[in-house]
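Here is a walk through one structure, taken contact by contact. Keep the sequence and the 3D view open while you read.

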Amino acid sequence: MTGVIEHARAVVVGGGVAGASVAYHLAALGWGDVVLLERRSLTCGTTWHAAGLVGRLRGSRTASRLVQYSAELYARLPEETGHATGWRRCGSLIVARTQERLAQLGRSVAVGRAVGIDAHIVGPAVVARLWPLCRTDDLTGAMVVPDDGRVIPADVTQALAAGARARGVRIREGVAVTGVRARQGAVAGVATSAGDIACEVVVNCAGMWARALGQTSGVPVPLWPVEHFYAVTRPIVGVTPDLAVLRDLDGCVYVREEVGGLLFGGFEPVAKPWIDPIPDDFAFSLLKEDPEQFEVLARGALERIPALESAEVQLLLDGPESFTPDGNFILGEAPGLRGYFVAAGFNSGGIASGGGAGRALAEWIVNGAAPMDLTAYDPRRFLPRHAEPAYLVARMREVPGVHYAIAWPNREPETGRDMLRSPLHERLAARGACFGVKMGWERVNWLAPAGASPRTEYTFGRQNWLPHVAHEHRAARERAALFDQTSFGKLQLEGPDAGTLLDRLAANDVAVPVGRTVYTPFLNARGGYESDLTISRVGPETWFLVTGSAQRVRDADWIRRHAGGLRATLTDVTEAWATLGLMGPRARDVLARVSAAPLDNEAFPFGAVRDVVVAGVAVRAIRLSYVGELGWELYVPAPRAGEVWDALTAAGEVLPAGYYALDSLRIEKGYRAWGRELTPDDTPWQAGLGFTVKLAKPDFVGRSALMAQRERGVSRRLLLFALDDTRAVAWGDEPIYRDGRLVGTLTSAAYGHTLGRGVAMGYVESEPGVPAETWLGGRYEIDVAGERVPASVSLRAWHDPTGERLRA
Ligand SMILES: Cc1cc2nc3c(=O)[nH]c(=O)nc-3n(C[C@H](O)[C@H](O)[C@H](O)COP(=O)(O)OP(=O)(O)OC[C@H]3O[C@@H](n4cnc5c(N)ncnc54)[C@H](O)[C@@H]3O)c2cc1C
């Protein structure tokens, strides 16, 4: 059938909602020369049996925006294409059984406000009026989202396909892609069951088959199918089509009208991954019903809708849906193979997110860069080992349930742990470490003193670790704290052109003498942060790059992408080195007890890198700090890390500390974090990090965008906040008000133990080009779970604004 198709600009693999949306949007952006290949029939994978809920309030602003767009699209597609989508603006009603759940809903309302989503809290009496069949005597309240709705997923997909066809996309059913051909690290074509097609872009939208398809090209796509259920009843008196979709998250269920009856499904706290191989003929197929697994959902639904007791269930549906390790879908260009894009792993939100995700990916493909901050979905947030079956199966038991669980701040996964352990792990565990996970690494969040349990007790208020972290925080400010930062990404770049390559990517001046370290952004063409990292020149042609734990794959990919024909070799050496951060005013004295190296300001100034011997071990030491105190990062060959750790902890005055202390220290000091204050949407001018940009350099990626923005002036600026009410607990995505008007959202928050109050950072909007002081005018308040808390504001760090302590 494809015999006649020999070439296309892009081949989209998979005819579910994701593939249809990507094809539709590519064509809408002018790429008509697109082929969509579907191994069987459009919608035959997971899409055909989805419940079709489109709920706008998601876990983040970006996610909410993507669904906002989907809803608008599904409402207008019928007129544009002549195909119905079944869009019905019935609204959502999300009920709370506990005060904690109500607090979470209150926070969601506040976040929704920041992206223009209308939502409000109501009492049980209003729930009873809106949903007469709903039991309300055990509710603490509910959230109403009037603009939410539902669709018929197969119809949405057919409408998108029709819209794509009308703009020239060729859709072929019954054609399977068997592999992707690559040439010199870039996509060159696809092999199909009906012959080869040459193309420059391939988009893997193969749903639960996406992992296996990616594997054939060495592209990790970490997703796994999980059995996912709903039941449908025969008509029930009192059920009308305009009933809002009811979600009882504490009961793990959603309920909506279906042909006069009710459709109810949900997310079991312990899910059931589908471990059998997917049969070749799996199309419009379902899995074998499992009433036992469904029981928890049935119970939840019965508790909420007593009328279900006497209803007749006509269908119990068990269909596979792909989930990912972190519950976010996978969207973007894969590292290591140019032109290979992925849109898959939708975690039971593919219908809601499909429209927005398809548009975002199409813009990325057509413009050669992500249109906005999509890092939460980026394939580069994973390591290849995240795609291993044993890990995925373990993780999948937990991921779906988290969807409806209370979104506790600092919630850590229970499954899929211990992928990567620091060589110091056992020592830290013996000292009462409570570990969290970042990019596969087990990392110390905080340490429990003798007699206390190293387990975080989740709450939106003050969590149980606060006094212990206060102790760690004070150790760093007053004496010395020792952090295990082994999870840092570490890259070595060497070769005659290594300096030229870094000069092209770094906004700061990295042409420094051997022995110097530079903190620099890597920017995209919009001038936004692709990364921020430190670059140490350790030899005439050798650079040692240290980046955040989460940035390891993306930074390596960014560097390789820009290497062109330059003679430079990049090696990821993350696991080869342990990192010990010795931080605090006594750090020099402590280090001097275990090292003969000269450590005074002349011999070892701030920003210097030296090879020194510590406790008999050859160590690379960099004089830097992420906490705002005198300190050194010690890079120790991993097998010998224990010796250095033991010597330092035995040297006196040193307290081991974890990442929660690091966070409160860095926020007090106004240090920005990648992924929070620094994202692809934020520029150094907006972030207040202009000192890291050297416009005098003739060129670097992002320079012209920065020049233009400097000319115009910024209309968003990062400000530092301190909460005036010392009891208020902010977590980092609360709305910011100035003189009663919503002007922005927090990016990070913590309790500042040196200041004795909550500290935070966040971007606020204003007129372009106004002087910095103007941003500080007005009365600022932070909306903490619906309560406006007055806040002091500053452009400079609350702690040691002149940086004297760093250079002490
Ligand atoms: C019970 C249930 C209820 C759900 N309810 C909702 C809901 O209310 N709201 C919501 O937003 N989401 C919901 N979902 C999730 C939603 O259905 C999915 O996220 C979405 O359908 C995924 O779409 P997709 O295009 O990624 O995958 P699919 O629909 O599976 O499409 C992938 C396609 O790729 C094809 N393919 C695979 N390999 C190849 C190949 N090599 N060559 C060619 N073609 C190939 C397959 O045949 C398939 O058609 C639900 C899911 C389930 C199971």
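The text below moves from helix pairs to a loop residue and then to the ligand. The model is a predicted one.

Begin with helix H5, residues 153-166. One partner is helix H1, which spans residues 17-28. The axes of H1 and H5 lie 8 Å apart, at an angle of about 30 degrees. Angles under 35 degrees count as roughly parallel. H1 is therefore roughly parallel to H5. The crossing of H1 past H5 is left-handed. On the H1 side, the contact is made by Val17, Ala20, Ser21, Ala23, Tyr24 and Ala27. H5 answers with Val156, Thr157, Leu160, Ala161, Gly163 and Ala164. By class, the contact of H1 with H5 holds 9 nonpolar residues, 3 polar ones and no charged ones.

Now turn to helix H2, residues 61-81, which also packs on H5. The axes of H2 and H5 come within 10 Å and cross at roughly 50 degrees. That angle makes H2 oblique to H5. H2, too, passes H5 in a left-handed crossing. H2 brings Leu73, Tyr74, Leu77 and Thr81 to the contact. They meet Val156, Ala159, Leu160, Ala162 and Gly163 of H5. The residues of the contact of H2 with H5 divide into 7 nonpolar, 2 polar and no charged. Look at Val156, Leu160 and Gly163 of H5: they take part in the contact with H1 and also in the contact with H2.

Further along the chain is another helix pair. Helix H12 covers residues 466-478, and helix H17 covers residues 659-668. Their axes come within 9 Å and cross at roughly 55 degrees. This makes H12 oblique to H17. The crossing of H12 and H17 is right-handed. H12 supplies Val469, Glu472, His473, Ala476 and Arg477. H17 supplies Tyr660, Ala661, Ser664, Leu665 and Glu668. What classes of residue make up the contact of H12 with H17? There are 5 nonpolar, 2 polar and 3 charged residues.

Next, find Leu133. This residue sits in the loop between helix H4 (124-130) and strand E6 (141-145). Which residues does Leu133 touch, leaving aside those up to four places away in sequence? One stretch of partners is Ile236, Val237, Gly238 and Val239. Another is Arg304, Ile305, Pro306 and Ala307. Leu133 and Arg304 are 171 residues apart along the chain, yet their C-alpha atoms are separated by 8.4 Å.

Finish at the ligand. How many residues surround the ligand? The count is 37. The closest are Glu38, Thr47, Leu53, Glu321 and Ala352. Some backbone atoms also lie by ligand oxygen atoms. A backbone N or O atom of Ala352 is 2.7 Å from a ligand oxygen. For Val17, the distance from a backbone N or O atom to a ligand oxygen is 3.2 Å. For Gly45, the corresponding distance is 3.5 Å. Val17 thus links two parts of this tour, as Val17 of H1 also belongs to the contact with H5.

Key
Residues are numbered from 1 along each chain as its sequence is written. This is a predicted model: local features need pLDDT of at least 70, side-chain atom pairs count only at pLDDT 80 or more; totals for chains, interfaces and linings use all residues. Side-chain values use heavy atoms; hydrogens and water are left out. Axes are lines fitted to C-alpha atoms, for helices over the stretch in contact, and angles run from 0 to 180 degrees between N-to-C directions. Helices (H or I, at least four residues) and strands (E, at least two) are DSSP runs, numbered from the N terminus. Angles under 35 degrees count as roughly parallel, over 145 as roughly antiparallel, 65 to 115 as roughly perpendicular and the rest as oblique. A crossing is left-handed if the near helix is turned anticlockwise from the far one by less than a right angle, and right-handed if clockwise. Contact means heavy atoms within 4.5 Å. Ala, Val, Leu, Ile, Met, Phe, Trp, Tyr, Cys and Pro count as nonpolar, Asp, Glu, Lys and Arg as charged, and the others, Gly among them, as polar. A residue is near a molecule or strand if one of its heavy atoms lies within 4 Å of it. A polar contact is a pair of N or O atoms within 3.5 Å; within protein, one must be able to donate a hydrogen and the other to accept it, and residues adjacent in sequence count only if both atoms are side-chain atoms.
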